[in-house]
Amino acid sequence: MIPPKPRTPRQAARTVVRDPLGAVFLLRYDNEEVGPHWAMPGGGLDPGESPREGARRELREETGWRDLEPGPLLCTWTHDFTRAGIPVRQHEHIYLADAPGPRRELGPEVAADHLADGILGRRWWTPEELRRTDEQIWPPRLPDLLDGWSPGDRPVDLGYVPVGGGSDIVGRA
């Protein structure tokens with residue numbers, strides 16, 4: 001048996017953007033280790049950057065939307081994947097942001113960055129579509145997290161989720 005490759009720790013933050021009807025904006029990625037998956041805008045933290053600051057920066061970089069701010073912390077989770085050929089173990093903070101109006105398009109300045117970052121697509125997912133899909137959504141059980149969330153709730157810690165694995169929500173931390 002081949003021992004697993006050591007993983008480089010990485011801190012990241014993402015933002016769940018919801019429209020007034022509860023649809024969620026996700027980006028489609030394809031990763032050499034975990035394959036195609038959908039995740040919200042976000043990415044690795046810069047040195048000295050807090051998770052909330054990183055979520056704000058990444059939201060603006062990946063969408064061009066400058067009028068949205070990461071709101072309450074929804075959850076944290078840890079997972080593995082390969083980034084630029086390096087196996088990483090990423091710990092993520094996931095924030096919520098409610099868009100004030102209907103579904104919106106990306107800013108025109110982000111198209112080239114999406115190509116460079118390997119972002120393959122984007123779409124708004126209704127709550128029902130999220131519950132019914134067979135596609136991989138990060139973090140796992142996102143529909144359950146959103147359905148059960150109310151203002152003032154404490155964030156959920158999903159813990160470590162193995163590649164391709166699910167997670168039971170263990171309660172609000």
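The following exchange between a trainee and a mentor walks through a predicted model of one protein chain.

Trainee: In which element of the protein chain is confidence highest, and in which is it lowest?
Mentor: Over the protein chain the mean pLDDT is 89, and 94% of the residues reach 70 or more. There is a stretch, residues 166–173, over which pLDDT stays under 50, although the model has 27 contacts for it beyond four places in sequence. Among the elements, the lowest mean is 75, in α2, and the highest is 97, in β1.

Trainee: Is strand β1 largely enclosed or largely open, and how many of its residues are buried?
Mentor: A residue counts as buried when its relative accessible area is under 20%. Strand β1 covers residues 8–18, and because so many of these are buried, the strand is largely enclosed by the rest of the structure, the count being eight of the 11 residues.

Trainee: Which strand pairs with β1 in the parallel sense, and over how many bridges?
Mentor: Two other strands run antiparallel to β1, namely β4, joined by three bridges, and β2, joined by two bridges. Ala13 stands opposite Gly43 in β4, while Arg18 has Val24 as its bridge partner in β2. Arg18 also has a bridge partner in β6, Asp98. The parallel pairing is with β6, residues 86–98, over 11 bridges.

Trainee: Which residue in the hairpin of β1 and β2 takes a positive phi?
Mentor: This hairpin has five residues between the strands. The residue with a positive phi, near 95°, is Gly22.

Trainee: What span should helix α1 have, and how far apart are its end C-alpha atoms?
Mentor: Helix α1 runs over residues 51–63, and the expected span is 1.5 Å times one less than its number of residues. Its buried residues, including Leu59 and Thr63, pack against β1, β2, β4, β6, α2 and β7. For 13 residues the expected span is 18 Å, which agrees with the distance between the end C-alpha atoms, 18 Å.

Trainee: Why does the salt bridge of Arg14 and Glu92 tie together parts that lie apart in sequence, and how many residues separate them?
Mentor: The side chains of Arg14 and Glu92 meet in a salt bridge at 3.2 Å, N to O. Arg14 lies in strand β1 and Glu92 in strand β6, so the pair joins parts of the chain that are distant in sequence by 78 residues. Arg14 counts as buried at 8% relative accessibility, and Glu92 counts as buried at 1%.

Trainee: Which residue forms a salt bridge with Asp80, and is that partner buried or partly exposed?
Mentor: Asp80 itself is buried, with a relative accessible area of 5%. The closest N and O atoms of its salt bridge are 2.7 Å apart, and the partner is Arg89. At 36% relative accessibility, Arg89 counts as partly exposed.

Trainee: Which residue follows Trp138 across a cis peptide bond, and where does that residue lie?
Mentor: The peptide bond is cis, with omega near -5°, and it leads from Trp138 to Pro139. Arg141, whose phi is positive and near 65°, is found in the loop between α3 and α4. Pro139 lies in the loop between α3 and α4.

Trainee: Is Ala84 buried or exposed?
Mentor: Ala84 is placed in the loop between β5 and β6, and its phi is positive, near 50°, in a residue other than glycine. Because its relative accessibility is 73%, Ala84 counts as exposed.

Conventions:
Residues are numbered from 1 along each chain as its sequence is written. This is a predicted model: local features need pLDDT of at least 70, side-chain atom pairs count only at pLDDT 80 or more; totals for chains, interfaces and linings use all residues. Side-chain values use heavy atoms; hydrogens and water are left out. Buried means under 20% relative accessible area, exposed over 50%, partly exposed in between (1.4 Å probe, protein chains only). Helices (H or I, at least four residues) and strands (E, at least two) are DSSP runs, numbered from the N terminus. Two strands pair if DSSP finds at least two bridges between them. Contact means heavy atoms within 4.5 Å. pLDDT is the predictor's confidence in each residue, from 0 to 100. A salt bridge is a side-chain nitrogen of Lys or Arg within 4 Å of a carboxyl oxygen of Asp or Glu.
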